[in-house]
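Work through the exercises below with the sequence and the structure in view. Each task is followed by a solution in steps.

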Amino acid sequence: MSDGIWGYQPTAGHTAGTDLIGYKVEATDGTIGKVDKHSDEVGSAYLVVDTGVWIFGKHVMLPAGTVRTMDSAERKIHVELTKEQIKNSPEFDKDRHAGDAQYHDQLGGYYGGHRPL
């Protein structure tokens with residue numbers, strides 16, 4: 001079961017409690033970075049991805065609902081977004097992410113508009 005954009009899809013292969021820090025994150029058109037932080041909180045699950053040098057070290061927060069699949073053997077997470085969509089996403093705001101409904105609505109609106117239904 002998923003919690004919309006803020007929950008992992010049942011087909012993603014996510015197991016609650018798995019440490020995802022350091023996993024490579026793959027957009028639909030290539031690698032975008034590595035997981036720097038994550039949360040499995042019900043209704044508020046996310047990944048914070050360090051995009052590295054390809055967009056000048058930007059950190060982005062990806063709602064768990066954008067995750068298509070996970071490969072724990074290869075330590076990779078595949079998301080249903082392109083590099084361009086992630087590049088144009090709102091930058092991660094470390095001071096607002098926890099418990100800020102308005103920030104979650106802003107991110108959910110951006111990413112929800114880019115997810116296949």
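**Exercise 1. Place Ser-44 in the chain, decide whether Ser-44 is buried or exposed, and list what Ser-44 touches.**

Step 1. In this predicted model, Ser-44 sits in the loop between β2 and β3.

Step 2. The relative accessibility of Ser-44 is 13%. Buried means under 20%, so Ser-44 counts as buried.

Step 3. Leaving out residues up to four places away in sequence, Ser-44 touches Trp-6, Ser-39 and His-104.

**Exercise 2. Describe the secondary structure of the protein chain and say which elements have the lowest and the highest mean pLDDT.**

Step 1. The protein chain has two helices and six strands.

Step 2. Along the sequence, these elements follow the pattern β-β-β-β-β-β-α-α.

Step 3. Over the protein chain, pLDDT averages 85, and 86% of the residues score at least 70.

Step 4. Among the elements, strand β6 (residues 76-79) has the highest mean pLDDT, 97. Helix α2 (residues 101-112) has the lowest, 81.

Step 5. A caution applies to reading any such model: where pLDDT is low, the predicted coordinates should not be read in detail.

**Exercise 3. Find the salt bridges and say which parts of the chain the pair Glu-80 and Arg-68 ties together.**

Step 1. Searching the whole structure gives two salt bridges.

Step 2. One of them joins the side chains of Glu-80 and Arg-68, at 2.9 Å from N to O. Glu-80 belongs to the loop between β6 and α1 (83-87), and Arg-68 to strand β5 (residues 67-71), so the pair ties together parts that are 12 residues apart in sequence.

Step 3. Both partners can be classed by accessibility. Glu-80 is partly exposed at 27% relative accessibility, and Arg-68 is partly exposed at 34%.

Step 4. Another salt bridge is formed by the side chains of Glu-74 and Lys-76, at 3.7 Å from N to O. Lys-76 has a relative accessibility of 22% and counts as partly exposed.

**Exercise 4. Which residues of the largest nonpolar core touch the most other members, and which elements give two or more residues to this core?**

Step 1. The largest nonpolar core holds 30 residues, and Leu-62 and Ile-77 touch the most other members.

Step 2. Two or more residues each come from β1 (24-27), β2 (30-39), β3 (46-50), β4 (59-63), β5, β6 and α2.

Step 3. Take Ile-77 and set aside residues up to four places away in sequence. Its contacts then include Leu-20, Tyr-23, Val-25, Val-35, Leu-47, Val-67 and Met-70. Lys-24, Glu-26 and Thr-69 are also among the residues that Ile-77 touches.

Step 4. For the protein chain as a whole, 42% of the 117 residues count as buried. Of the contacts between residues at least 6 apart in sequence, 53% join residues at least 24 apart.

Step 5. The exposed area of the protein chain is about 6,100 Å², with 49% of it supplied by carbon and sulfur atoms.

**Exercise 5. Describe the aromatic pair and state whether its two residues are buried or exposed.**

Step 1. The whole structure contains one aromatic pair.

Step 2. Tyr-110 and Tyr-111 form this pair, with 5.1 Å centre to centre and 80° between the planes. Planes over 60 degrees apart count as edge-to-face, and the pair is edge-to-face.

Step 3. Tyr-110 and Tyr-111 are both buried.

**Exercise 6. Give the C-alpha separations of Glu-84 from Asp-29 and of Gly-13 from Val-67.**

Step 1. Glu-84 is in helix α1 and counts as partly exposed at 47% relative accessibility.

Step 2. Glu-84 and Asp-29 are 55 residues apart along the chain, and their C-alpha atoms are separated by 9.2 Å.

Step 3. Gly-13 belongs to the segment before β1. Its relative accessible area is 53%, so Gly-13 is exposed.

Step 4. Gly-13 and Val-67 are 54 residues apart in sequence, with 9.4 Å between their C-alpha atoms.

**Exercise 7. Where is Arg-75 found, and what is its phi?**

Step 1. Arg-75 lies in the loop between β5 and β6.

Step 2. Although Arg-75 is not a glycine, its phi is positive, at about 55°.

Step 3. With 38% relative accessibility, Arg-75 counts as partly exposed.

Note on methods. Residues are numbered from 1 along each chain as its sequence is written. Side-chain values use heavy atoms; hydrogens and water are left out. pLDDT is the predictor's confidence in each residue, from 0 to 100. Helices (H or I, at least four residues) and strands (E, at least two) are DSSP runs, numbered from the N terminus. A salt bridge is a side-chain nitrogen of Lys or Arg within 4 Å of a carboxyl oxygen of Asp or Glu. Buried means under 20% relative accessible area, exposed over 50%, partly exposed in between (1.4 Å probe, protein chains only). Contact means heavy atoms within 4.5 Å. Accessible areas come from the Shrake-Rupley method with a 1.4 Å probe; for residues, only the protein chains shown count as cover. A nonpolar core is a set of buried Ala, Val, Leu, Ile, Met, Phe, Trp, Tyr and Cys residues joined through side-chain atoms within 4.5 Å. Rings of Phe, Tyr and Trp (its six-membered ring) pair if their centres lie within 6.5 Å; planes under 30 degrees apart count as stacked, over 60 as edge-to-face and the rest as tilted.
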